[in-house]
Amino acid sequence: MRPQDNNNRPSPEDGKETGPLVRTDEITIAYQPILRGAATAVLCYFLFDIVTRLISPGEASLGIMLMAVGSAAILAQVIRLYLKQPRTAVQLDVSGALLCLAMIFNSNLQQSLHFETENLAYAVLMMPISAAILPRRRTIAIAIGVSFANMLWLVWQNMPGQVVDYAWVGVAGIAAGVAIAAIIRTAVLRSVKAHLDAIHDREVAEDLAREAHHLAECDALTGLPNRRSFFLALNERVERLRETGEPFILGLVDLDGFKPVNDTYGHAAGDEMLQTVAERLSAVSGDAALPARLGGDEFALLAPADPKTAEAALTLGHRIEAKLSEPYDLGNYRCKGSGSVGLLICDDPELDTHDLMERADHALYFAKRALQGKAVLFNAALEQEMMTSSQVDKALRRCDYEAEFEVWFQPQYDLVKSRITGFEALARWNSRELGPVTPDVFIPAAERGGMIRPLTQALLHKAIAEMATWPDDLSLSFNLSTHDLMSPTAIDAILRTVGESGIPASRIEFEITETAMMSDFAQARRAIDQISEAGHSVALDDFGIGYSSLQYLQLLPVSKLKIDHSFVRDILEDTSAFKIVRTLLSLSQTLGLGCVVEGVESPAQVHILRTMGARHLQGYLIGAPMQSRALPACLEQVHDFSPAHQMPPRPPENRASAG
């Protein structure tokens, strides 16, 4: 029986005992075994009485007494069985009173049939007996009073002259009963109270332990299992896979564009979005799956792989991506969202937890890099890519930045001045272990491994050292990583490096991408403001391929746009590309921003770009990326892009209507 709270004491209206230290549950717990023991003792006494009467029948009224004693024995047995189950204080009172009445009745019947003075002791003994077995004080008082009155009545009927003498004997019996009641109640109830308090304390401790366990195992915001709980479950699945061969699906989910939601609508809206994602992930993954929140906007999932097919895993991934792409109602706002999903069928018992997470994470990385908002299942091609990436990571950690990395330069041409006005710095790595490694491989590896910041510093030192030999009218464009922008320490180091070089800040331009600002717009804005205040211009690279570039132009001190080469490549054949480039050039002119058109590879492209108002060009037609020793020859080379030396291009065709 669970103890009640200490403050939940019975009220007088309930007809229950309300002493400061006594509760109804304490009375029932203490007195039920006492009463059951008393019923057993009374049963044994009456059975013994029956046996002795049968062995030595010395009374004329033997039949009457056997019936009375037998009835009392049956009553005692019924009460004994009745008290096997927990009873209330009132029920215990009634049971005890019936036992006492049975004993008084049998004693009185015996005395009425054959009075014996010595048998008056039974009437006196009923007072302490009642005090010992009855649970509540008022019942004890009534029972003692009835026993005292019964004794006096027997004396009055049989020895009228000794009523006063026996009255004093009764008073002694009353005193004994009161003393016994006080001693038993105090001892027993205190013991029970201590026991109940111990139970209560243990339950409180268990509740606190459960709460602590819940906090340790669950994410406070979403209610999903947290990172620790997830990895415990993952370890269990791995062990089960090794023991029984039971495969499972491991999924990693990362929200796309979550930080702009936080920045635009506030952290409360961001929290509500995470809670909605958790609900959707739980709903779509099914009861057999275990969704979890790893931290931030990263979620994970464990699900049974039955049947063990790529189609089944991808079906689950597509359900998740579809659910996460539904609109989000965030208070007064409604916004869109999506989530990239990396999936892995875990069926190889040789792989440990780290190996599985690495593969699922690589699938997620590919999903975010190439198919944002989609699900990707880890496969053999990704396995090979991951192995290559792992080799690159290891080689990158062991390499000598100074000896193995170079800075190459690609020229930027000004159509108005008809000359090269600057160079973009491009990193090149000739690894001692792997040979030449392209930037699209080692830059992401450096970002993943936390090595991009020292690499940026090393490349910037090299670029500035080369720039020191250039004419004063040439500028340098240098790319910054997302990780550089997100670190105030890195920005301080970059600006300090430029300041110590003595080169005017106006000659060095830093290029950033839209992806960098999607990570944490507030920090990106602080970094760009800091760069701009130091006197550097800021160019927004790959402009036009993001979904929120116009917002960045409005909110950030950007001084130049770089139109992505993917639009320029098709400008002669695709009407859409033609219109996009023309619109972007017009936008830059309207906003008073500089604009560099990348990917220029033919004179025909130059001609059509000139007619659109383009001024700054970059591409293989002007010059491929080159080592520093090739720069003097490049600067001396004559590039004649005047209209007289260019053939007018054929008007672009709309590819959509050609087929």
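These are my notebook entries on a pocket, a surface patch, some salt bridges and a few single residues in this structure.

**Entry 1: the model**

I began by noting that I am working with a predicted model, and I kept that in mind for each of the entries below.

**Entry 2: the second largest pocket**

I looked up the second largest pocket and found a volume of about 570 Å³ for it. Its lining is made of 24 residues, and those that lie nearest the centre are Y45, F46, D49, S107 and Y122. I then asked which elements give two or more residues to this lining. They are α1, which spans 24-55, α2, which spans 62-82, α3, which spans 89-113, and α4, which spans 120-133. The largest share comes from α1, with nine residues. When I sorted the lining of this pocket by character, I wrote down 14 nonpolar residues, six polar ones and four charged ones. As a reminder to myself, rolling a probe the size of a water molecule over the atoms shows where empty space is left.

**Entry 3: Y45 and the nonpolar patch**

Y45, which I had already met among the residues nearest the centre of the pocket, belongs to helix α1. Is Y45 buried, partly exposed or exposed? I wrote down partly exposed, because its relative accessibility is 39%, and that value falls between the limits of 20% and 50%. Y45 also takes part in a nonpolar surface patch of about 360 Å², which it makes together with Y122, L125 and I129. The most is given to this patch by α4, with three residues. Y122 therefore appears twice in my notes, as it is listed both among the residues nearest the pocket centre and in the patch.

**Entry 4: salt bridges**

Side chains of opposite charge can pair when their charged atoms come close. I found that the structure holds 21 salt bridges, and I followed some of them in detail.

The pair that I looked up in helix α1 is D49 and R53, whose side chains meet in a salt bridge at 3.0 Å from N to O. Why are D49 and R53 separated by about one helical turn? The reason is that they are four residues apart in helix α1. D49 counts as buried because its relative accessibility is 13%, and R53 also counts as buried, at 12%; the cut-off for this label is under 20%.

Next I looked at E404 and R432, which form a salt bridge in which the closest N and O atoms are 3.9 Å apart. E404 lies in helix α13, residues 401-404, while R432 lies in the loop between β9 and β10, so this pair ties together parts that are 28 residues apart in sequence. E404 counts as buried, at 7% relative accessibility, whereas R432 is exposed, with a relative accessible area of 64%.

I then turned to K562 and E511, whose side chains meet in a salt bridge at 2.8 Å from N to O. K562 is in strand β14, residues 560-563, and E511 is in strand β12, residues 508-513, so the pair ties together parts that are 51 residues apart in sequence. Both K562 and E511 are buried. I also noted that E424, E511, K562 and E598 are joined into one network by salt bridges that share partners.

**Entry 5: a positive phi**

Most residues other than glycine have a negative phi, and most peptide bonds are trans. With that in mind I looked up S418, whose phi is near 55°, a positive value in a residue that is not glycine. S418 sits in the loop between β8 and β9, and at 47% relative accessibility it counts as partly exposed.

**Entry 6: pairs separated along the chain**

Finally I looked up the C-alpha distances of three pairs.

- E116 is placed in the loop between α3 and α4, and it is partly exposed, with a relative accessible area of 25%. Its C-alpha atom is separated by 9.3 Å from that of N158, although the two residues are 42 residues apart along the chain.
- D329 is placed in strand β4, residues 328-330, and it is partly exposed, with a relative accessible area of 47%. The C-alpha atoms of D329 and E272 are separated by 8.7 Å, with their positions 57 residues apart along the chain given as the spacing.
- L54 is placed in helix α1, and at 53% relative accessibility it counts as exposed. The C-alpha atoms of L54 and L66, which are twelve residues apart along the chain, are separated by 8.6 Å.

Definitions and conventions
Residues are numbered from 1 along each chain as its sequence is written. This is a predicted model: local features need pLDDT of at least 70, side-chain atom pairs count only at pLDDT 80 or more; totals for chains, interfaces and linings use all residues. Side-chain values use heavy atoms; hydrogens and water are left out. On a 1 Å grid over the protein atoms alone, a cavity is a set of points where a 1.4 Å probe fits but cannot get out, and a pocket is an open set with protein on both sides within 12 Å along at least five of seven lines; lining residues have an atom within 4 Å of a point. Grid points are joined across faces, edges and corners, and a volume is the space filled by probe spheres set on the points. Ala, Val, Leu, Ile, Met, Phe, Trp, Tyr, Cys and Pro count as nonpolar, Asp, Glu, Lys and Arg as charged, and the others, Gly among them, as polar. Buried means under 20% relative accessible area, exposed over 50%, partly exposed in between (1.4 Å probe, protein chains only). Patches are made of residues with over 30% relative accessible area and no salt bridge: like charges are joined within 9 Å, nonpolar side chains (Val, Leu, Ile, Met, Phe, Trp, Tyr) within 5 Å. Accessible areas come from the Shrake-Rupley method with a 1.4 Å probe; for residues, only the protein chains shown count as cover. A salt bridge is a side-chain nitrogen of Lys or Arg within 4 Å of a carboxyl oxygen of Asp or Glu.
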